[in-house]
Amino acid sequence: MEKYSPQTIEKKWQEVWAKNDVYRTEKDDSRQKYYALEMFPYPSGNLHMGHVRNYAIGDVVARFKTMTGFNVLHPMGFDSFGMPAENAAIQHGVKPGDWTYANIENMKRQQRQLGLSYDWDREAITCSPDYYRWTQWFFELFYKKGLAYKKGATVNWCDTCGTVLANEQVIDGKCWRCDSEVQKKNLSQWFFKITAYAEELLQDLAKLPGWPERVKIMQENWIGRSEGLEFTLEIPELGEKVAVYTTRPDTAFGVTFLALAAEHPLMEKICAVSDKAEEIKAFCERVKGQSEIERTSGEAEKEGIFTGLYCVNPFNGKQVEIWVTNYVLAEYGTGAVMGVPTEDQRDWLFATKYGIEKILTIQPPEGELRLEDMQAAYVEKNGRLINSGRFDGMEMHKAMGAIMDYAEEQGFGERKVNYRLRDWLISRQRYWGAPIPIIHCPHCGEVLVPEEDLPVLLPEKVNFEQGAVSPLAKCEEFLRVKCPKCGGEAKRETDTMDTFICSSWYFLRYTDPHNDKAPFAKDKAKYWAPVDQYIGGIEHAILHLLYSRFFTKVLRDEGLIDFDEPFTNLLTQGMVIKDGAKMSKSKGNVVSPEDIIEKYGADTARLFILFAAPVERDLEWSDQGVEGAYRFLSRVWRILGQFASAIKNAPTTYDPTTLTGEEKELRRVLHLTIKKVTEDVGERFMFNTAISSIMEMVNAFYLWQDKALNPALAREVAESLLKLLAPFAPHITEELWSNLFGEGSVHRTKWPSYDEASLTQNEIEIVLQINGKVRDKITVPVDLDREAMEKAALAQPKVQALTQGKNILKVIAVPKKLVNIVVK
């Protein structure tokens, strides 16, 4: 065969696959389905090596499952709404749609260059009206079920992006996309009531044994379930009561101050009667301007101002000072926190700073705490209560239950389960998103756009300017509309939906992508979904994965699907690192996939990125590693070219018992490799060790390049080698299969099975040493005992020649390894 030329081969087979539509998949009730899915990308314009890793992993899974007999669904699409397209319109005057679709075409071209087995007939593009029509339909479904609502709220605002962010999109006080500082604003916003499913989202993590434990823990912590007591404290001067929530009711008798959020609804009434009204208002305004991270960080200074008012602790009747602080947030809990300085370090520091009273309510199991000796709060969760009235002497955990019983009996408190999770803020003040299908009528209020009028299309004639106002709010053509109920003048909602809504159901659209009567047909979703193997980055552990789980449960309750969880198994691949940092344009360490493909071919790029590290770990880029992958594929090309004639003329079946001992050993290596690769790919996703096994098998094959080899065995080795390598390097294996076996595609062949009997090793090569130096090697029966090994070694002509005339002091035999002859 001619020299290995990946560029020629890969272009040829990509055209053949596209022309023959070989990866198109149809529902087939006679076959077991398998749904393999990689997270779809935002169409930024160019693939990076992180994309390549993600897609190569998914492609191996899809091709392997196809060869093992499954009816595999392996689709791809684009999460194509979002701010970069709008920013391009602002900066360069390019229409967001034109920018987006141009990028999609380029990325599809790059994906095809990689030889990925996508069924492109199922492509879903979220900014296409035939997709976001159904995103809007889902909004209306949620609205009708009471799961979508609008309310005024203090929200996260990114000035750079000019839009609101969900809590999950604020990372360390900064915007998840542009890394700008996030501010707080009071705006009227749309929310999805994800909290209605908080408990189920938490409990159903147990139904996901195929998910990484790390991801489940992250979701569990984000949902943040806690059990405790909510009770009220009366403020006599206002004639009001304020509620607090605590997971430590055993500390209730130690409350010496009440900390209020600057945004607490009672602040106006407090200022109306407080002598410090102006000081309090100024403090509140300053605190409201601080970011959430500034207010809640453990390192941030805790500040407060005493209001001059008191509330009453219902447990002991003591007066409790009311303070406004910078560390309590209105949207978490009740917006009021009880201060127990002796048993909470933050409260200890605050009380010490402002001279607030401290009451000790617990003694440890050993020793005695004295308030005057304490330098910090006692935060250990064991001990007995003191200064706690009727509960004195009780073990703290028993006291918790007893104190909650007392509060409920007296009618000022109740047991309550709280969640850290907040409702999902879904409205964005941007143009390039799915319009929220609501019409605001001065007479009828909020009115859903009639279903037959969906989709509400984005207008094309809009002006883009940097700033907080959405282009939709200034587009009269879009804004002015008749009310569907009364026919009067009304206005459209000008906010668009968070793009995470689009990606919360896209995996279901793939099951029925051309349906114009419903988002998907129930029978098709029932056949294909849920996704059997989902692949993507750990950075989506909370946002996308949690939202998709929520969406799935709502659609299940509506009877649209019949399963609880969207993704049965989840693989989170590591990042691609170069020069010690994640590849990024800003760091100047990006390696272009196209450059690698142009020089070495897509198969080399795929093989390297799958071989260089276990899939869950970060991968350090190595130019030498890429060259090594290319050299290996070239070796495969050469060895199969050398045996091509023998392979083509060999019989398809033969009797393995007729093989020589050395040939049996090659066949044993072959079947060990089949077993190892099958287990590594099918059970463990250990692609790097699977490739390593294939490389070892090729090395064993190379030992025969200058020796006569049974043609039928050569054919068996070649056939199995190409099948094992096919999911990793689809182009070269397709070309070699075509050259050697003529008909069909290697990717449509049956995955090889191993012969259990051939795995048993009958003979083994051992080393012969004289005074510890290797002098020869011999092949002996694998179960040969020490005495027989000594005899066999001493009978070797080379050993006899080297020991002639010398005194043999002793012979050391190590079964299955070596014989060492000690002479003098």
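In this predicted model, helix H19 (residues 602-611) packs against helix H23 (residues 687-702) at an angle of about 115°, and the two axes lie 7 Å apart. The residues that bring the pair together can be picked out by name. From H19 come Leu607, Leu610 and Phe611, and they meet Phe687, Asn688, Ile691, Ser692 and Met695 of H23. Sorted by class, this contact is made of six nonpolar and two polar residues, with no charged residues taking part.

A loop offers the next stop. Thr342 sits in the stretch that links strand E13 (336-339) to helix H11 (345-354). Is this loop residue buried or exposed? Thr342 counts as buried, because its relative accessibility is 0%, and the cut-off for that label is under 20%. A look at its surroundings helps to fill in the picture. With neighbours within four places in sequence set aside, Thr342 is in contact with Trp348, Lys358, Ile359, Leu360, Thr361, Leu371, Met374, Ala377 and Tyr378.

The cysteines come next. A disulfide is a covalent bond between the sulfur atoms of two cysteines. How many disulfides does the structure hold? The count is zero. Cys175 is a helpful case to work through: the nearest cysteine sulfur belongs to Cys178 and is 3.7 Å away. A disulfide calls for two sulfur atoms within 2.5 Å, so a distance of 3.7 Å does not qualify. Cys175 is also buried, with a relative accessibility of 2%. For Cys475, the closest cysteine sulfur is that of Cys127, and the bond is ruled out because the two sulfur atoms are 18 Å apart, too far for a bond. Cys475 is buried as well, at a relative accessible area of 6%.

Finally, there are enclosed spaces inside the protein to explore. The model has three cavities of 30 Å³ or more, and the largest cavity has a volume of about 160 Å³. Which residues lie nearest the centre of this largest cavity? They are Gly82, Met83, Arg428, Asp498 and Thr499, which belong to a lining of 16 residues. Helix H3 (83-92), strand E4 (163-165) and strand E23 (496-497) are the elements that each give two or more residues to that lining. By class, the lining of the largest cavity holds five nonpolar, six polar and five charged residues. Charged residues thus appear in the cavity lining, whereas the contact of H19 with H23 has none.

Technical notes: Residues numbered from 1 in each chain as written. Predicted model: local features only at pLDDT ≥ 70, side-chain atom pairs only at ≥ 80, totals over all residues. Heavy atoms only, no water. Buried < 20%, exposed > 50% of the residue type's maximum accessible area, 1.4 Å probe, protein only. 1 Å grid on protein atoms, 1.4 Å probe; cavity = no way out; pocket = protein on both sides within 12 Å on 5 of 7 lines; lining within 4 Å. Points joined across faces, edges and corners; volume = space filled by probe spheres on them. Helix = DSSP H or I, 4+ residues; strand = E, 2+ residues; numbered from the N terminus. Nonpolar A, V, L, I, M, F, W, Y, C, P; charged D, E, K, R; others polar. Axes fitted to C-alpha atoms, helices over the stretch in contact; angles between N-to-C directions. Contact = heavy atoms within 4.5 Å.
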